[in-house]
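Q: I am new to this structure and would like a close look at a single part of it. Please keep the answer plain and connected.

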Amino acid sequence: ELARRIQARGPCGPVASTVMCQQSDHATFAVIEIPPYASIPMRLFPSSETFLYVYQGDGVLSVGDPPACDLSIHSGMLLFIDKGMPHGLFNGKPETLRCTLTLCPPCPD
């Protein structure tokens, strides 16, 4: 079992937490929390397709090369991000945004 807590950091401190992460030979699964008015900077996974499920809160998913396309996301949405597609998340609300993230094949450590 791979369980860890990782914090992405921005210029003003912590921006997001990976609360739980599990990895197998075929996929990586993570539970992510983004505090109010915080973000996960743009990133990409060159060889992994990404499924993002929003289970609590609202936010903005930015996808694509700059200028990125901004999509409003909310609880109950399941989104697919193709491999190699840059993406980032922003929580512009006063509540924590909570999501699950599944990468296939797994993301290298």
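In strand 9, which residue is the bridge partner of valine 60? Please describe the sheet around that pair, and then its setting in the chain.

A: The bridge partner of valine 60 in strand 9 is phenylalanine 90. The model is a predicted one, and the values below are computed from it.

Start with the two strands that this bridge joins. Strand 9 covers residues 87–90, and strand 6 covers residues 58–63. Strands 6 and 9 run antiparallel and are joined by 4 bridges. Both belong to an open sheet of 4 strands, whose order is 4-9-6-7 and whose pairing is antiparallel. At the edges of this sheet stand strand 4, residues 39–43, and strand 7, residues 69–74. Each of these two has a single partner strand, so one side of each has no neighbour in the sheet. From one strand to the next, the twist averages 20°. As a general point, the strands of a sheet pair through backbone hydrogen bonds, either parallel or antiparallel.

Strand 6 also pairs with strand 7, again in the antiparallel sense, and here the count is 6 bridges. Two of the residue pairs can be named. Serine 62 has aspartate 70 of strand 7 as its bridge partner, and valine 63 has cysteine 69 of that strand. Strands 6 and 7 form a hairpin with 5 residues between the strands. In this hairpin, glycine 64 takes a positive phi near 100°.

Cysteine 69 leads to the question of burial. Its relative accessibility is 42%, so cysteine 69 counts as partly exposed, the class between 20% and 50%. Cysteine 99, by contrast, is buried, with a relative accessible area of 0%. The structure holds 0 disulfides.

Now the setting. The protein chain has 10 strands and 0 helices, so read from the N terminus every element is β. Of its 109 residues, 36% are buried. The accessible surface of the chain is about 6,200 Å², and carbon and sulfur atoms account for 58% of that. Among contacts with a separation of 6 or more, 62% are between residues 24 or more positions apart.

Two further places in the chain bring distant residues together. One is an aromatic pair, and a search of the whole structure finds 1 of these. It consists of phenylalanine 51 and phenylalanine 80, whose ring centres are 5.3 Å apart and whose planes stand at 55°, so the pair is tilted. Phenylalanine 51 lies in strand 5, residues 49–56, and phenylalanine 80 in strand 8, residues 78–81; the two are 29 residues apart. Both rings belong to partly exposed residues: phenylalanine 51 has a relative accessibility of 34%, and phenylalanine 80 has 45%.

The other place is threonine 28, in strand 3, which covers residues 28–34. With 6% relative accessibility, threonine 28 counts as buried. Its C-alpha is 7.3 Å from that of proline 105, although the two residues are 77 apart in sequence. Leaving aside neighbours within four places in sequence, threonine 28 is in contact with several residues, including Cys21, Gln22, Leu101, Leu103 and Cys107.

To return to the request: valine 60 bridges to phenylalanine 90 in strand 9, and in the sheet order 4-9-6-7 strand 9 comes between strand 4 and strand 6.

Conventions. Residues are numbered from 1 along each chain as its sequence is written. This is a predicted model: local features need pLDDT of at least 70, side-chain atom pairs count only at pLDDT 80 or more; totals for chains, interfaces and linings use all residues. Side-chain values use heavy atoms; hydrogens and water are left out. Two strands pair if DSSP finds at least two bridges between them. Axes are lines fitted to C-alpha atoms, for helices over the stretch in contact, and angles run from 0 to 180 degrees between N-to-C directions. A disulfide is a pair of cysteine sulfur atoms within 2.5 Å. Buried means under 20% relative accessible area, exposed over 50%, partly exposed in between (1.4 Å probe, protein chains only). Contact means heavy atoms within 4.5 Å. Accessible areas come from the Shrake-Rupley method with a 1.4 Å probe; for residues, only the protein chains shown count as cover. Rings of Phe, Tyr and Trp (its six-membered ring) pair if their centres lie within 6.5 Å; planes under 30 degrees apart count as stacked, over 60 as edge-to-face and the rest as tilted.
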